[in-house]
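This briefing addresses the strand arrangement of one protein model and the helices associated with it. Please consult the sequence and coordinates shown here alongside the points that follow.

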Amino acid sequence: MHNYLDLSLIEINKLLKEKKITPKDLVEEAFEKIESNKDLNCFITLNKEEALKQAEELEGKEVDSLTFGIPIALKDNILTKGLRTTAASKILENFDPIYDADVVEKIKAANMIIIGKTNMDEFAMGSSNRTSFFGPVKNPWNDTRVPGGSSGGSAAAVSKRIIPFALGSDTGGSIRQPAAFNGIVGLKPTYGTVSRFGLIAFGSSLDQIGTFSQTVKENAQLLNVIASEDAKDSTSAPVRIADFTSKIGQDIKSMKIALPKEY
């Protein structure tokens, strides 16, 4: 098995542009890695048939962005049309959404390929990933440890390099904590940066969809894909940053960090 998914986003993009690999190679590698890491229990539902079909359709197209043809996984509380979405609960064991979440539309428009839906604490209520109806997720660094939660499946899959990217949701730490437990980068964006449309709600005034990746820059590159104002989400902020990677590498000498004394 090749390990293309162990490479950086820029390296993968270069290979795709030079036609040394195809999106199908990346998708097949992701599913091979899912199979060989089944014991981690990262995924609830796989999207294999559709992912391979999409990869084949992309083969004839021009590689027009860094995220073109890149596999991604989604936490199973983000609605995907025609792909089961359970929020890790028996209640939604057979729920088949009739529309895509806003972030899913953005991912598809960026020609990213959805590999499947990741395991989580049931209805995102937990911080260990042990409350899922589909069983606990294990930490890839040490399978006797928890991966954190509630986005434990997404964090573990990225940490194990099964996929380069995953989305999670964060209400009170559900991206940041599992990212820390798995040694990767996880971001809860500022509230309103990413549309909540199509996210199964936990605490609507706190919920945000956010990003998992290996590096800060790649995290910002994925945030560029999913951040946008959305008329379907009344809490979506009209303020837009053109490129979240624009300040990476700049000097932070004069920057100040404030901490409210009440905390």
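Two strands are taken to pair if DSSP finds at least two bridges between them. The model is predicted, and on that definition its strands form an open sheet of 6 members with mixed pairing. The strand order is β1-β3-β2-β4-β6-β5.

**Sheet**
- The edges of the sheet are formed by β1 (43-46) and β5 (185-187), each of which pairs on one side only.
- On average, neighbouring strands of this sheet are turned by 30° against each other, direction ignored.
- In general, strands of a sheet pair through backbone hydrogen bonds, either parallel or antiparallel.
- Strands β2 (residues 71-75) and β4 (residues 165-170) run parallel and are joined by 3 bridges.
- Leu74 has Leu167 in β4 as its bridge partner.

**Helices on the sheet**
- Helix α2 (residues 23-36) lies across β1, β2 and β3 (113-118), and runs at about 20° to β3.
- Helix α3 (residues 48-58) also packs on the sheet, where it touches β1 and β3. The direction of α3 makes about 160° with that of β3.

**Helix α4 and its surroundings**
- Within helix α4 (residues 102-109), the buried residues are Asp102, Val103, Val104 and Ile107.
- These buried residues of α4 pack against the strands β2, β3, β4 and β6 (208-213), and also against helix α7 (216-226).
- Asn111 follows α4 and has a positive phi, near 60°.

Key: Residues are numbered from 1 along each chain as its sequence is written. This is a predicted model: local features need pLDDT of at least 70, side-chain atom pairs count only at pLDDT 80 or more; totals for chains, interfaces and linings use all residues. Side-chain values use heavy atoms; hydrogens and water are left out. Helices (H or I, at least four residues) and strands (E, at least two) are DSSP runs, numbered from the N terminus. Axes are lines fitted to C-alpha atoms, for helices over the stretch in contact, and angles run from 0 to 180 degrees between N-to-C directions. Contact means heavy atoms within 4.5 Å. Buried means under 20% relative accessible area, exposed over 50%, partly exposed in between (1.4 Å probe, protein chains only).
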